[in-house]
Amino acid sequence: MKLTLIVAADKNFGIGINGDMLFYISDDLNRFKELTTNNIIIMGRGTFEALPNSKELPERINIILSSKNIETSTGIVVDSIGNLQRKLQEINPKNEKEEFLIGGGNLIKNLWSSIDRALITIVDKAYTNVDTYIPNIFEDKDFEIVKISKERYDEKNRFYYKYYEFKRIKDVSL
Ligand SMILES: NC(=O)c1ccc[n+]([C@@H]2O[C@H](COP(=O)([O-])OP(=O)(O)OC[C@H]3O[C@@H](n4cnc5c(N)ncnc54)[C@H](OP(=O)(O)O)[C@@H]3O)[C@@H](O)[C@H]2O)c1
């Protein structure tokens, strides 16, 4: 399993509060849509429930990790990382689709060792009201930065942000 993490974080790697995102950057959302469309997105139940109307995102294969019997029309529910791995092998045997891990904090921590590439939008702001974090990837020596965008300014949120791309140096363990 070689997953691509895609998330947006504040400067302390905070990603959520009370089941919601900390901020929405319209450019970033468009980029997320472009990158993930026609591919596979993998999410925890918390993130699935935070999607508009708890509905799968269209034009993508949605896989939800949960031990519960959750309602989904087109999504695929798996109850363990082992079953996620089996499902991905079954539906994407030749790795023609990119397998994106889209959140949230809990699932990202559980799948950290399977992340091969990470696309993280980092905003130049520290939020004080945060309850969900991801690990600080700058402190993880197994990853290197392969690309950083120029600094961008978001008018609506009034902050600067950059798109970072990281790659795992050693092979993923799963
Ligand atoms: N900024 C961003 O880019 C971004 C992206 C996504 C989400 N978020 C934010 O992150 C927050 C949600 O994150 P979260 O940590 O609360 O929840 P989460 O990671 O989305 O979901 C956690 C749930 O996933 C299931 N799960 C996790 N690991 C599992 C495993 N190994 N096997 C089976 N099931 C597993 C469990 O569901 P069950 O309890 O049903 O078993 C667990 O309770 C929200 O605030 C959301 O807005 C932010």
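The following exchange between a trainee and a mentor concerns a predicted model and the surroundings of its ligand.

Trainee: How do you know that G19, G105 and N106 make polar contacts with the ligand?

Mentor: The cut-off for a pair of N or O atoms is 3.5 Å. A polar backbone atom of G19 is 3.4 Å from an oxygen atom of the ligand, a polar backbone atom of G105 is 3.2 Å from an oxygen atom of the ligand, and a backbone N or O atom of N106 lies 2.7 Å from an oxygen atom of the ligand. Each of these pairs is therefore a polar contact, being within 3.5 Å. As for cover, of the 930 Å² of accessible area that the ligand has on its own, the protein covers 83%.

Trainee: Where does the ligand sit, and which elements give two or more residues to the shell around it?

Mentor: The ligand sits in the largest pocket, which is to say that more than half of its atoms lie within 2 Å of the grid points of that pocket. The elements giving two or more residues to the shell are β1 (3-9), β2 (14-17), β3 (20-21), α2 (45-50), β7 (99-103) and α4 (105-110), and the largest share, four residues, comes from α4.

Trainee: What makes a residue part of the surroundings of the ligand, and how many residues surround it?

Mentor: A heavy atom of the residue has to lie within 4 Å of the ligand, and 27 residues surround the ligand, the closest being A8, R45, T47, S66 and S67. By residue class, the shell divides into nine nonpolar, 14 polar and four charged residues.

Trainee: Why are β2 and β3 called paired strands?

Mentor: Pairing needs at least two bridges, and two bridges join β2 to β3, so the two strands, which run antiparallel, count as a pair. Residue I17 stands opposite D20 in β3. The open sheet has three strands in the order β3-β2-β9, with antiparallel pairing, and β3 and β9 (132-133) are called edge strands because each pairs on one side only.

Trainee: What is notable about the backbone at N18 and at G104?

Mentor: Residue N18, in the loop between β2 and β3, has a positive phi of about 50 degrees although it is not a glycine. Residue G104, in the loop between β7 and α4, is joined to G103 by a cis peptide bond, with omega about -5 degrees.

Definitions and conventions. Residues numbered from 1 in each chain as written. Predicted model: local features only at pLDDT ≥ 70, side-chain atom pairs only at ≥ 80, totals over all residues. Heavy atoms only, no water. Polar contact = N/O pair within 3.5 Å; in protein donor to acceptor, adjacent residues only side chain to side chain. Areas by Shrake-Rupley, 256 points an atom, 1.4 Å probe, with all protein chains shown as cover. 1 Å grid on protein atoms, 1.4 Å probe; cavity = no way out; pocket = protein on both sides within 12 Å on 5 of 7 lines; lining within 4 Å. Nonpolar A, V, L, I, M, F, W, Y, C, P; charged D, E, K, R; others polar.
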